[in-house]
Amino acid sequence: MVSQPSRRTVRGALVATAAVVAAALPTTPATAQPSAADALAKYNELSEKASQLNQDHLKAQGDLEAKQRELEKAKGDLAAAQKAEESLRGQVDVLTEATNSGARFSQLSALLVSDSQQDFLNRMSAINILAADNAEALKKLTDAVDAADNASKTANEATEASKKLLGEIEQKKADLAKQLDEARNQYNSLSAATRNSLKNAGDMSTILVPPGTAGKALEFALAQRGKMYVYGSNGPDTWDCSSLIQAAYRSANVSIGRTSYAQAAAGRPVSRAEVKAGDIIVYYSSQSHVAMAVDNVRAVHASTEGVPVKIADINSIGPISVIRRIEG
């Protein structure tokens, strides 16, 4: 029978041994669950990346359309140049045939066969006219051949550029689809309360706008509040950030580019302190998001998928890249 002191000694030894073993074993830290704020921040980060890819995709599409217009023009120029070449070549052939059949004389032959001084002058005049016509026709033919060659070269270059852009568009489309899946999965991981907060259209009150072009554009943008964001959408029931701004100014009879990149160069630059209603505010170093100023404090924008067009604090939307004023 083991005495009480002995039992206490054994228990103490076991506890000490367990402590030593535990200390020697590698520890696995508990995985911290992301907070609601972290999840929302991650969603915003993924959405911003998707927005940039969306703008890249739109730009590539615009570049392709421009290149295809250039190709069509080059084809038209080539057809016109070839037609002119064919016509002028015929004219040169006629003049060459006339020369070979003796219609073109030298000054000496004109003198020898002339019956009088006036006859000589008439013959010389005909010789000079024929020579001038031939030289002009030859020059026009040379120019037409050069124009046809240049048009053909331009058409070939535009064709190759279009093929390259088509490949880039497909890649950007695939990249965008992957990024959208990540953003949507992150959105679905948000709590119901957070998703409901994102879906809230916010301030829907009547807002007075200034007169003029900027006011008309702002009035249009404000009227879209509550409509949902869809990547690449052009309205009228859903928007992405840059299509909203483009449509707003189109309603005021002003044409600006489709992408946030193009809008970042529209109008003239103004400082943050100068911001007023209707100004275009472009965000992030990538210039991938754009909003329209309601006043010096607020802006209306189509932010990201899962969120409607709404008013937000200008500085809360993101880091400002440039601010552009279309009117004034």
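**Figure 1. Aromatic pairs in the predicted model.** The count of aromatic pairs in this predicted model comes to 3. One of them joins Y43 and Y187. Their ring centres are 5.3 Å apart, and the planes meet at 50 degrees. That makes the pair tilted, because angles under 30 degrees count as stacked and those over 60 as edge-to-face.

**Figure 2. Where Y43 and Y187 sit.** Y43 belongs to helix α2, residues 36–100. Y187 belongs to helix α4, residues 117–189. The two positions are 144 residues apart in sequence, so the pair ties together separate parts of the chain. Are these two rings buried or exposed? Y43 has 2% relative accessibility, so it counts as buried. Y187 has 11% and also counts as buried. The cut-off for buried is under 20%.

**Figure 3. F220 meets W239 edge-to-face.** This aromatic pair has its ring centres 5.9 Å apart. The angle between the planes is 80 degrees. F220 lies in helix α6, residues 213–223. W239 lies in the loop between α6 and α7, and α7 covers residues 241–250. The partners are 19 residues apart, and the pair links distant parts of the chain. F220 is partly exposed, with a relative accessible area of 24%. W239 is buried, at 3% relative accessibility.

**Figure 4. The largest pocket.** Its volume is about 390 Å³. The lining of the largest pocket holds 17 residues. Nearest its centre lie N44, H301, S303, T304 and I317. Which elements give two or more residues to this lining? They are α2, β5 (310–313) and α9 (314–317). Helix α2 gives the most, with 6 residues. By class, the lining has 7 nonpolar, 8 polar and 2 charged residues.

**Figure 5. The second largest pocket.** This pocket holds about 270 Å³ of space. It is lined by 13 residues. L58, Q61, G62, E65 and R258 are the closest to its centre. Both α2 and α8 (260–263) supply at least two lining residues. Helix α2 gives the most here, with 6 residues. The lining has 3 nonpolar, 7 polar and 3 charged residues.

**Figure 6. The whole protein, for context.** The protein has 9 helices and 6 strands. Of its 328 residues, 36% count as buried. The accessible surface comes to about 18600 Å². Carbon and sulfur atoms make up 56% of that surface. Among contacts with a separation of 6 or more, 67% join residues 24 or more positions apart.

Key: Residues numbered from 1 in each chain as written. Predicted model: local features only at pLDDT ≥ 70, side-chain atom pairs only at ≥ 80, totals over all residues. Heavy atoms only, no water. Helix = DSSP H or I, 4+ residues; strand = E, 2+ residues; numbered from the N terminus. Buried < 20%, exposed > 50% of the residue type's maximum accessible area, 1.4 Å probe, protein only. Contact = heavy atoms within 4.5 Å. Areas by Shrake-Rupley, 256 points an atom, 1.4 Å probe, with all protein chains shown as cover. Phe/Tyr/Trp six-rings, centres within 6.5 Å; stacked < 30°, edge-to-face > 60°. 1 Å grid on protein atoms, 1.4 Å probe; cavity = no way out; pocket = protein on both sides within 12 Å on 5 of 7 lines; lining within 4 Å. Points joined across faces, edges and corners; volume = space filled by probe spheres on them. Nonpolar A, V, L, I, M, F, W, Y, C, P; charged D, E, K, R; others polar.
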